[in-house]
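Biologist: Got a minute to go through this one with me? I'd like to hear the reasoning behind the labels.

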Amino acid sequence: INLRAEDLYDFELPHMLLQSAALWKISPNDLVLEVTENGVLELNETTNSIIEELAKNGFKLALDDFGTGFSSLSRLRNIPIDIIKIDQSFVRDITHSKNDYEIVKSIAALANSLGKEVIAEGVEDQKCLDLIHKMKIHKCQGYYFAKPMPFDEFVAWEKKRR
């Protein structure tokens with residue numbers, strides 16, 4: 001579930017998400033709430049309180065587009081982030097750009113050392129995927145696997161893959 005920065009000011013958000021999860025019989029542990037790095041730009045008492053409440057209730061939190069906003073190591077230390085999604089702008093060219101390769105490798109090493117799950121966005125070919133695996137990044141997304149698609153098409157695509 002993608003959250004906007006404005007959502008992190010809504011004191012009802014944790015309650016609403018818990019009610020929705022209960023209605024649909026989904027465990028909060030099975031849901032990932034994604035916040036773009038820019039979305040948590042303004043950390044204050046309100047946003048911190050809401051983020052802490054979501055984590056306390058079992059929701060997993062992902063920091064999306066990592067590296068594109070105002071990256072701060074204090075965010076990784078102070079926010080209960082479970083997943084770091086490395087932005088595609090770094091991942092896409094790791095086979096051609098030593099700088100991008102080193103940035104992705106460093107983010108992955110840091111995230112792994114902090115016990116965070118790492119996801120590489122923007123994997124578009126086998127060579128990129130091979131490098132990603134060498135960096136101990138075990139989850140990826142990108143056009144190499146599939147382009148975004150409506151739910152019905154996804155279900156048909158997944159059935160063919162099996």
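Modeller: Sure, and keep in mind that this is a predicted model. The disulfide count comes to zero.

Biologist: How do you know that C128 is not bonded to C140?

Modeller: A disulfide needs two cysteine sulfurs within 2.5 Å. The sulfur of C128 has its closest cysteine sulfur in C140, 7.5 Å away, so that is too far for a bond. From the other end, the closest cysteine sulfur to C140 is the one in C128, again too far at 7.5 Å.

Biologist: Why is C128 called buried, and what makes C140 partly exposed?

Modeller: Buried means under 20% relative accessible area, and exposed means over 50%. C128 has 2%, so C128 counts as buried. C140 has 21%, so C140 lands in the partly exposed class.

Biologist: Which residues have the most contacts inside the largest nonpolar core?

Modeller: That core has 36 residues, and the ones with the most contacts inside it are L54, I86, V91, V104, I132 and I137. Take I86: leaving out residues up to four places away in sequence, I86 touches F66, V91, V104, I107, A108, V118, I119, A120, E121 and I137. In soluble globular proteins, nonpolar side chains tend to be buried together.

Biologist: What makes W24 exposed?

Modeller: The cut-off for exposed is over 50%. W24 has a relative accessible area of 63%, so W24 is exposed. W24 sits in the loop between α1 (13-23) and β2 (32-36). Together with L23 and I26, W24 makes a nonpolar surface patch of about 370 Å².

Technical notes. Residues are numbered from 1 along each chain as its sequence is written. This is a predicted model: local features need pLDDT of at least 70, side-chain atom pairs count only at pLDDT 80 or more; totals for chains, interfaces and linings use all residues. Side-chain values use heavy atoms; hydrogens and water are left out. Buried means under 20% relative accessible area, exposed over 50%, partly exposed in between (1.4 Å probe, protein chains only). A nonpolar core is a set of buried Ala, Val, Leu, Ile, Met, Phe, Trp, Tyr and Cys residues joined through side-chain atoms within 4.5 Å. Contact means heavy atoms within 4.5 Å. Patches are made of residues with over 30% relative accessible area and no salt bridge: like charges are joined within 9 Å, nonpolar side chains (Val, Leu, Ile, Met, Phe, Trp, Tyr) within 5 Å. Accessible areas come from the Shrake-Rupley method with a 1.4 Å probe; for residues, only the protein chains shown count as cover. A salt bridge is a side-chain nitrogen of Lys or Arg within 4 Å of a carboxyl oxygen of Asp or Glu. Helices (H or I, at least four residues) and strands (E, at least two) are DSSP runs, numbered from the N terminus.
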